[in-house]
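Student: I keep running into labels in structure descriptions and wondering where they come from. Can we look at an example together?

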Amino acid sequence: MGIVDRKDRERESMKSLMLEAAMELYLSKGIENVTIRNIADKIEFSPATIYLYFKDKDEIFFHLYNLAFGKFYQAQLRDESIVDPWERLQKSGMHYIEWALANPKLYDLMFILEIPMDVIAESSCVDIGINSYNLLKKTVAECIGRDSIKVSDPDLGAMIFWNYVHGIVSLLIKKRVLYPAEHVSRLIDAMLATFYSAMQK
């Protein structure tokens, strides 16, 4: 391994260490406690060292956003083994909701907090969330190809689907659904069944 390769690996290792500390702070103490100083204290480095790797807190949150989407995308890929696209779409809706409810802070980071999107809007960077959307759009396109869904445009179908499940998740995560906890799963099943019935040809 050359000197440049070794330095690149060491740099990536340091960045990973810092991001791991930032993610731990976010998950355990919330966004307000993810500061450059707190990250530095957690890994026992000076705040100045953090700035050698990240421009600011916003950039750190963008990387955390991508890490969260990476985990979500890997969970999505499990449904790819389902051959029938309509069945895959239905399963993916339930799995989307289950994953989000099991990982509410990661979901907040991916879809609700503004910080990561500010970075995306201001600079040219890799947004792993696009992989997730494209996977959904591919399934919708396959449903259209089999004439099993009431839309003809994959982007429109993907946006309709995404908005519906996102709406369910957001209401539940933010505790806007005044419904007994023991009946929530039944409510989700009924809402999804109604949605799929309206979408299916």
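Tutor: Let's take some labels one by one, keeping in mind that this is a predicted model.

Student: What makes α9 count as a helix?

Tutor: A DSSP helix run needs at least four residues. Helix α9 covers residues 154–173 and has 20 residues, so that run passes the cut-off of at least four.

Student: How do you know what span to expect for α9, and what does the helix reach?

Tutor: You take 1.5 Å times one less than the number of residues. For α9 that gives an expected 28 Å, and the helix reaches 28 Å from its first C-alpha to its last.

Student: Why are residues such as F161 and V165 of α9 called buried?

Tutor: Buried means under 20% relative accessible area. F161 and V165 are among the buried residues of α9, and so are I168 and L172, so each falls under that 20%. In the whole protein chain, buried residues make up 38% of the 201 residues.

Student: What do the buried residues of α9 pack against?

Tutor: Their partners are α5, α6, α8 and α10. The protein chain has ten helices and zero strands.

Student: What makes the D153 and D155 pair at the start of α9 a polar contact?

Tutor: The cut-off is 3.5 Å between N or O atoms. A side-chain oxygen of D153 comes to within 2.9 Å of the backbone nitrogen of D155, so the pair fits inside 3.5 Å.

Student: And what follows α9?

Tutor: That's K175, with a positive phi near 55 degrees.

Methods:
Residues numbered from 1 in each chain as written. Predicted model: local features only at pLDDT ≥ 70, side-chain atom pairs only at ≥ 80, totals over all residues. Heavy atoms only, no water. Helix = DSSP H or I, 4+ residues; strand = E, 2+ residues; numbered from the N terminus. Buried < 20%, exposed > 50% of the residue type's maximum accessible area, 1.4 Å probe, protein only. Contact = heavy atoms within 4.5 Å. Polar contact = N/O pair within 3.5 Å; in protein donor to acceptor, adjacent residues only side chain to side chain.
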